[in-house]
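Notebook open, model loaded on the screen. I'm going through it piece by piece and jotting down what I look up.

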Amino acid sequence: RWAAEGERMRVLLADDNPKVRFALNAVLQQQPEIVVVGEAKEAGELLIRLAVTKPDLLLIDWRLPGLAEAGSISQLRRNYPDLMIVVLSGRPEVSREALSSGADDFVSKIDPPESLLAATAACITRLEERQAARA
């Protein structure tokens, strides 16, 4: 496991609601293999934080202000091909659209925290597989 080797998955949070960012942070801080490296409340800030923090995983609100103008999930996927992207939304019906736009996973904000933890665990597994393939 990653945590056993001192490695931690670097996570960037992008949501315009400070309460949501706080809740995400609280859930993720329970996981020893995860470190939150930054937060963004709109797309311009997100692009800066991506460049500076170089996260492994982006948890992003589907309706992040400015995201459409910044080029959407598919543009983020092109610019950061190794970045894992989990889309968050209070509207579960957008999950298919989010996944078809290039997201690795979708978590509804109305789901229990276990859904988020399952998604991040899957991302950790993918990271471990990538590292093993490169070794």
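**Val36**

I started with Val36, which lies in strand β2. This is a predicted model, so I keep that in mind for every entry. Is Val36 buried, partly exposed or exposed? I get a relative accessible area of 23% for Val36, so I log the residue as partly exposed. Next I looked up what Val36 touches, leaving out residues up to four places away in sequence: the list is Val11, Leu13, Asn25 and Leu28. I also checked Val36 against Ala119: they are 83 residues apart in sequence, and their C-alpha atoms are 15 Å apart in space.

**The sheet**

From Val36 I moved out to the sheet. I find an open sheet of 5 strands with parallel pairing, in the order β2-β1-β3-β4-β5. Which strands sit at the edges? They are β2 (34–40) and β5 (105–108), and each of them pairs on one side only. I noted the twist too: neighbouring strands are turned by 25 degrees against each other on average, direction ignored. A reminder to myself: strands of a sheet pair through backbone hydrogen bonds, either parallel or antiparallel.

**Strand β4**

I then went to β4. How many residues of β4 are buried? I count 6 of its 6 residues as buried, so I write the strand down as mostly covered. Met84, Val86 and Leu88 point one way from β4, while Ile85, Val87 and Ser89 point the other way.

I checked the pairing of β4 with its partners. β3 and β4 run parallel and are joined by 5 bridges. In that pairing, Ile60 stands opposite Val87 in β4. With β5, strand β4 (residues 84–89) also pairs in the parallel sense, over 4 bridges. Here I picked out Val86, whose bridge partner in β5 is Asp105.

**Helices on the sheet**

What lies across β3 and β4? I found helix α4 (residues 72–79) there, running at about 165 degrees to β4. Helix α6 packs on the sheet as well and touches β1 (9–14), β2, β3, β4 and β5. The direction of α6 makes about 170 degrees with that of β4.

**α1 against α6**

I looked at how α6 meets α1. The axes of helix α1 (residues 18–28) and helix α6 (residues 113–134) come within 11 Å of each other and cross at roughly 65 degrees. I wrote the crossing of α1 past α6 down as right-handed. Which residues meet there? From α1 I list Leu24, Val27 and Leu28, and from α6 I list Pro113, Leu116, Leu117 and Thr120. By class, this contact has 6 nonpolar residues, 1 polar residue and no charged ones. I also see that Leu28 of this contact is on the list of residues that Val36 touches.

**Helix α2**

Then I turned to helix α2 (residues 43–53), where Ala43, Glu45, Leu46, Leu50 and Thr53 are buried. Why do I put them on the same side of α2? They cover an arc of only 145 degrees around the axis, and therefore they share a side. The general rule I had in mind is that an α-helix has 3.6 residues a turn, so residues three or four places apart point the same way. On the face of α2 turned away from its buried side, I find the exposed residues Ile48 and Val52.

I gave Glu45 a separate look, as a charged residue on that buried list. Glu45 has 16% relative accessibility and counts as buried because the cut-off is under 20%. Leaving aside neighbours within four places in sequence, I have Glu45 in contact with Glu39 and Ala40.

Gly44 is found in α2 too. At 35% relative accessibility, I enter Gly44 as partly exposed. From Gly44 to Leu99 I get 22 Å in space, C-alpha to C-alpha, and 55 residues in sequence.

**Lys54**

My last stop was Lys54, in the loop between α2 and β3. What caught my eye was the phi of Lys54: near 45 degrees, a positive value in a residue other than glycine. Is Lys54 buried or exposed? The relative accessible area of Lys54 is 58%, so I log the residue as exposed.

How values were computed. Residues are numbered from 1 along each chain as its sequence is written. This is a predicted model: local features need pLDDT of at least 70, side-chain atom pairs count only at pLDDT 80 or more; totals for chains, interfaces and linings use all residues. Side-chain values use heavy atoms; hydrogens and water are left out. Axes are lines fitted to C-alpha atoms, for helices over the stretch in contact, and angles run from 0 to 180 degrees between N-to-C directions. Helices (H or I, at least four residues) and strands (E, at least two) are DSSP runs, numbered from the N terminus. A crossing is left-handed if the near helix is turned anticlockwise from the far one by less than a right angle, and right-handed if clockwise. Contact means heavy atoms within 4.5 Å. Two strands pair if DSSP finds at least two bridges between them. Buried means under 20% relative accessible area, exposed over 50%, partly exposed in between (1.4 Å probe, protein chains only). The arc is that of the directions from the helix axis to the C-beta atoms.
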